[in-house]
Amino acid sequence: MLLFLFYVILFVVAVAGLILAVPFLRRHLVSNPVLKIFRKMLPPISQTEQEALDAGTVWWEGELFSGKPDWKKLLAYPKPQLSAEEQAFLDGPVEQLCAMLDEWKITHELKDLPPEVWQFIKDKGFFGLIIPKQYGGYGFSALAHSEVVMKIGSRSGTGAVTVMVPNSLGPAELLRHYGTEKQKEYYLPRLAKGQEVPCFALTSPEAGSDAGAMPDFGIVCRGEYGGQSDVLGMKVTWEKRYITLGPVATILGLAFKLYDPDRLLGKGEDLGITLALIPTNTPGVNIGRRHYPLNGAFQNGPNWGKEVFIPMDWIIGGQEGVGQGWRMLMNCLSVGRAISLPATSVGAAKLAARTAGAYSRVRTQFKTPIGYFEGIEEALARIGGNTYMMDAARVMTASAVDLGEKPSVASAIVKYHLTERGRQAVNDAMDIHGGKGICIGPRNYLGRTYQQIPVSITVEGANILTRNMIIFGQGAIRCHPYLLKEVNATHDNNPDSASLAFDEALIGHAKFTLRNTANAVVYALFGNHIKDNAPENCAPETAGYYRQLARYSASFACVADIGLMRLGGSLKRRERLSARLGDILSMLYLCSATLKRFEDDGRPAADLPLLHWSMQDGLYRLQQAFDEFLTNFPAHIAFIWLLRVLVFPLGKRCRPPSDSLSHEVARLMMGPGAVRDRLTSGIFVPTADHEPMADLEQALRCVIECSAIEAKLREAVKQHRITDHGDGQIAQALQLHIITQEEANLLNKLKDLRSRVVKVDDFPPDFGHESTLGAGISGAISHVASAAGAGAAGFVAAVSAAAAAAAEVVESISADEEGSGDGEDEQDKD
């Protein structure tokens, strides 16, 4: 009987092997039936979805999805560096601009950048960072663009947004890649010199994240333009909002759906999403009033138009650009999203790290620096570790763009995770500063950043959407070596080519899954002994991290495949499961960037606490994402158990950073030195006497100098040699020769600096009401000045709007006084 069973099994294996080995049999008996199942499972892909999938390129995230990342390849990428010209721009114009920016004045008094700042930005070419030199721009690298935005962002959110938007998703970027030569020659020099202020209108009131559902439309027709009749063009109707720089823009980039009911272009009726450039002084273009995003004074507002006629050559790319708008947007968004918002978030985190570290050492409670308390240490370590990893991911992703990549998946990862970690860093810094952080005013260097953090969370793809639908939803299709091929074959209407393509992808997919399943178990059990899982020349302290990432990469590839096979297209709708797979991919990417940073920095031993904290936190989060995915995976309990054995054969062994490691990180952040400077490099550190952050920096240096002197005082008080209290202690210590005159001077200097550091702003009881008129008129004047370069029509419109705004302010103040002035005589009111 046993012999019979043996022969039966042998026969089945032989038949299965024959079927799989012979392509003709495999296609007809295996691949084609599976293809039919796929066609039933997979939902149809819309044109916008297909263009999103085709947009961008796959970079290191594809290696992570392979289950066997090539670490040598990662470390072989050249260390990102700025050119001499780029560094000079950062040290010169960017430093000057930061010194000119007073965020309290900007956000509270003017509600705008001062006219001289607007002019400086235009004169120094800040709108032309990415515009090629041949068109009058700087042609800077993505890394330089990121460094510029990060530095300004550490000083002023308003300034950073104003500079980053023209250099991100907007007319310059779109023209650079897709404009006609005539469009480039006309607009790019004007944009580079600040003669044009651009904005780009994508978001509609009824279509935010679902941009493909925008109701804005254009109808191809013939009309009058420039004194000529029968001009081929279109009548466009739109309503947009949240458009940054919209209220002051002179050129409007517009996205809309284009239709050709009379088939004048000969391309059908529904032509698809199209992009056009429209001067804002075009008849019918309406620029609305401003939005006011969380006390951020950057210009932002709605615009609309109804049946505005524009000629065909205003389409970006000319007539060839008709219907190509979504593809253009997806490709450019992947680049912009990889640079601008990650840069501002890292700037905020570095600001939080530098100020919270210093404040924790300078501020004392219970006769002890607050940073010595374990609760503060925990928050400080979180700020430091997050900032270290964030900056690593920012630099690595910007360098990918400079290598010619358009990393659509990596850009979504850094957009989501860097804005979220930036929020965590600023929140922690606010908690450390306590009352100092919550009292807004000129001395508060964190408050406006804290207020405006949700803006970066919301724009360029809201974070909830990015995490739940894009990172894995797009990453699985783009990064998987076979899935996109299978999807394309499924939607191929030619039976023969579909069968061949699907069969080739399916057999490759099967081998891929089997390999990763085996590797997942082997790496989990014996990964620490497999030398190939770490690069040969890596630092000894990091080899274990490379091996753990290799192990989790294999587990991720395996589990992702199982999830896709089990749930098919419905995984797209199970957003929380998709989000957890996206978290795993994201942690693999962020940890990879952290390891590369350590190598690129020259393996500084002093930075090891930051490296260890970041890696241990990342690996622990990665493990938790696996655990949550398996806990919620819809399958039989026995199957879930098998998956857990596959991923965690030895249990969940990653642990979050220890208290002792957090202590090390916190102490590094509380003292001046190379580690603190490297961690916060690239931000603006003011030195002027009136600057609160300069006071903080000076106080930190002084408190270190005085640490031994203060210890002598405490010992003398303990021995009852000093009996005075408060301010008299220094004088008594000097009189008793416990300290020298020089030491007494240092202590008095520290006392003064501490007082200035902990001081918060206060205002008169009528604060706000008193300054309304001045602020309103100042803002109105600012708008007039900034619009002066827009031509006569724009200047007249700006003056009219300013006069109306000033009149409205005066009227509102008069109404307030009339309503609350009972019992006052007229002279007092005046």
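Me: Why is aspartate 627 called buried?
Reply: Its relative accessibility is 13%, and buried means under 20% relative accessible area, with exposed over 50% and partly exposed in between (1.4 Å probe, protein chains only). The value falls under that limit, so aspartate 627 counts as buried. Bear in mind that this is a predicted model, where local features need pLDDT of at least 70, side-chain atom pairs count only at pLDDT 80 or more, and totals for chains, interfaces and linings use all residues. Residues are numbered from 1 along each chain as its sequence is written, and side-chain values use heavy atoms, with hydrogens and water left out.

Me: What makes arginine 644 and aspartate 627 a salt bridge?
Reply: Their closest N and O atoms are 2.8 Å apart. The definition asks for a side-chain nitrogen of Lys or Arg within 4 Å of a carboxyl oxygen of Asp or Glu, so this pair qualifies. Arginine 644 lies in helix H24 (residues 637-647) and aspartate 627 in helix H23 (residues 608-632), so the pair ties together parts that are 17 residues apart in sequence. Helices here are DSSP runs (H or I, at least four residues), numbered from the N terminus.

Me: And why is arginine 644 called partly exposed?
Reply: Happy to explain: its relative accessibility is 25%, which lies between the two cut-offs, so arginine 644 counts as partly exposed.

Me: Why is glutamate 196 called buried or exposed?
Reply: Buried, because its relative accessibility is 8%. Glutamate 196 also meets arginine 190 in a salt bridge (2.9 Å, N to O).

Key: Helices (H or I, at least four residues) and strands (E, at least two) are DSSP runs, numbered from the N terminus.
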